[in-house]
Amino acid sequence: MRCNVIIRAIPYPPQYKNRLLNAIGGGIIFYEILLKAGIRMINQTNVQLGEVRSVIRELFEYGKKRKAQIGEEKVYDFSLGNPSVPPPEEVSLTLEKLIKECDPVFLHGYTSAQGDGAVRCAIADYVNSQFNAGLSPDLIYMTCGAAAALTITLNALCNKGDEVLTFAPFFPEYTVFAQHAGAKLVPVKTQDGTFRIDFDSLRSALSPATKAVIINSPNNPSGVVYSESEMKELCSVLTEYGKQHNTEIYLISDEPYRELVYGNVTVPYVMNYYARSIVCYSYSKSLSLPGDRIGYIAVNPKMAECRKVYSALCGAGRALGYVCAPNLLQQLVAKMQGKTSDISVYEANRNRLCTALEDYGYNVVKPEGAFYLFVKALESDANAFAERAKQYELLLVPGDSFGVKGYVRISYCVSPEMIEHSLPAFKSLAESYR
Ligand code: PLP
């Protein structure tokens, strides 16, 4: 019986099938065969995660190969959300100053597991000056970007069998992060075409198993930014449900794009609307530092059990080995509060692309923030559409992995020149469907 279970759990090469089957019942022989076959009982979920690249990464790798074949400037790679504008000048000046003036033992040394106290104070002061959120440095945990912030938070909150809701379209890694925390990601449908919250769908998705809801505003990939009235309604639906079912739903706000908004759009600060909220912040996009891996988690001080939740974050960070984010970067961001790279480039790119694509007949919803366009594919199968786009050297990410079929994501964090050069290709792609 035990051997049966093991055999099903392990993908063995076909030539070992008979030997394995013969060995059922003979535990020792069975293990010897496994060892001779070089098969170790390692975690198959992780093997699979490691072997299957995300659609975005796959396309990016394809782009690299294609550029080597036909030339860099002939491939219009809209796959990755890698900021195209450099960090503000203050970043390199501050780094130089830190390296010259700080005690190297301190600068390159360990900080507290949750991050340097003075850095957390600088962040709390800035957040409070902007949003009057009453944030305390004791409720901030420094992380390697938003990805680590999210994994720590989900591992801190979730028990096996919990559900985590998020609005589709969503950042595909949420599925992996939730699964690793023992939870299940449940996508909630949004309004057709606009991707704004559909509150009826939210109400029907909530269940006693719901531990948390992840929001991401400005959104990757739709560019939607929740207005204050949407935020209020969202919070009141969660509060109502919590009261009626005697449960506690956490609201996790994933905010790597907080500052990337265009026109008069503002992003309501979640802590001012919902006590049981946690912010996962990153400097990857606002300061163009994605490779430097720095961000933080902040727990709302208005949450009754904020200290317990913070302890759970520290515990999850410890268990995952995500302690003590790089100190050089911590010291840097402490001095960069309120600074951003030049995001006007993204706004210009957005405007140029939206106008041109609309002219060519694409159905475009103008994004209010982030640096992505989520565009309706010109056929129902977005994968087929993205394949056809490749014939025009356009690398567009099919939207299926974001939880919405029939759309593609265009990352417009690229040079304005590339946008300009890519336009005839977008036009020809549209014409190929007429
Ligand atoms: N969340 C969203 C919505 C993202 O788009 C990204 C990265 O693109 C992340 C989280 C991860 O960000 P970080 O680079 O800070 O880990």
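This section describes the ligand site, the salt bridges and selected backbone features of a predicted model.

In the predicted model, the ligand is surrounded by 14 residues, and the closest of these are Asn220, Asp254, Tyr257, Ser282 and Arg293. When the residues of this shell are divided by character, 6 are nonpolar, 5 are polar and 3 are charged. Among the elements of secondary structure, helix α9, which spans residues 145-157, gives the most to the shell, contributing 3 residues. The space that the ligand takes up is the largest pocket.

Polar contacts to oxygen atoms of the ligand come from both the backbone and side chains of the protein. From the side chain of Ser282, an N or O atom lies 2.6 Å from an oxygen atom of the ligand, and an N or O atom in the side chain of Asn220 is placed 2.7 Å from a ligand oxygen atom. The backbone takes part through Ala147, where an N or O atom of the main chain is found 2.9 Å from an oxygen atom of the ligand. Of the 400 Å² of accessible area that the ligand has on its own, 92% is covered by the protein.

Side chains of opposite charge can pair when their charged atoms come close. In the model, the count of salt bridges, taken with a cut-off of 4 Å between a side-chain nitrogen of Lys or Arg and a carboxyl oxygen of Asp or Glu, comes to 16. One of these joins Glu393 to Arg66, with the closest N and O atoms 2.7 Å apart. This pair links distant parts of the chain, since Glu393 belongs to the loop between α16 (382-390) and β10 (394-395), whereas Arg66 belongs to helix α5 (residues 55-70), and the two are 327 residues apart.

Several loops carry backbone features that deserve separate description. The peptide bond leading from Ala168 to Pro169 is cis, with omega near 5 degrees, and Pro169 is located in the loop that runs between β3 (163-167) and α10 (173-180). A cis peptide bond is also present from Ser217 to Pro218, where omega is near 0 degrees; Pro218 is placed in the loop between β5 (210-215) and α12 (228-245). At Asn132, a residue other than glycine, phi takes a positive value near 50 degrees, and Asn132 lies in the loop connecting α8 (117-131) and β2 (140-143).

How values were computed. Residues are numbered from 1 along each chain as its sequence is written. This is a predicted model: local features need pLDDT of at least 70, side-chain atom pairs count only at pLDDT 80 or more; totals for chains, interfaces and linings use all residues. Side-chain values use heavy atoms; hydrogens and water are left out. A residue is near a molecule or strand if one of its heavy atoms lies within 4 Å of it. A polar contact is a pair of N or O atoms within 3.5 Å; within protein, one must be able to donate a hydrogen and the other to accept it, and residues adjacent in sequence count only if both atoms are side-chain atoms. Accessible areas come from the Shrake-Rupley method with a 1.4 Å probe; for residues, only the protein chains shown count as cover. On a 1 Å grid over the protein atoms alone, a cavity is a set of points where a 1.4 Å probe fits but cannot get out, and a pocket is an open set with protein on both sides within 12 Å along at least five of seven lines; lining residues have an atom within 4 Å of a point. A molecule sits in a cavity or pocket if more than half of its atoms lie within 2 Å of its grid points. Helices (H or I, at least four residues) and strands (E, at least two) are DSSP runs, numbered from the N terminus. Ala, Val, Leu, Ile, Met, Phe, Trp, Tyr, Cys and Pro count as nonpolar, Asp, Glu, Lys and Arg as charged, and the others, Gly among them, as polar.
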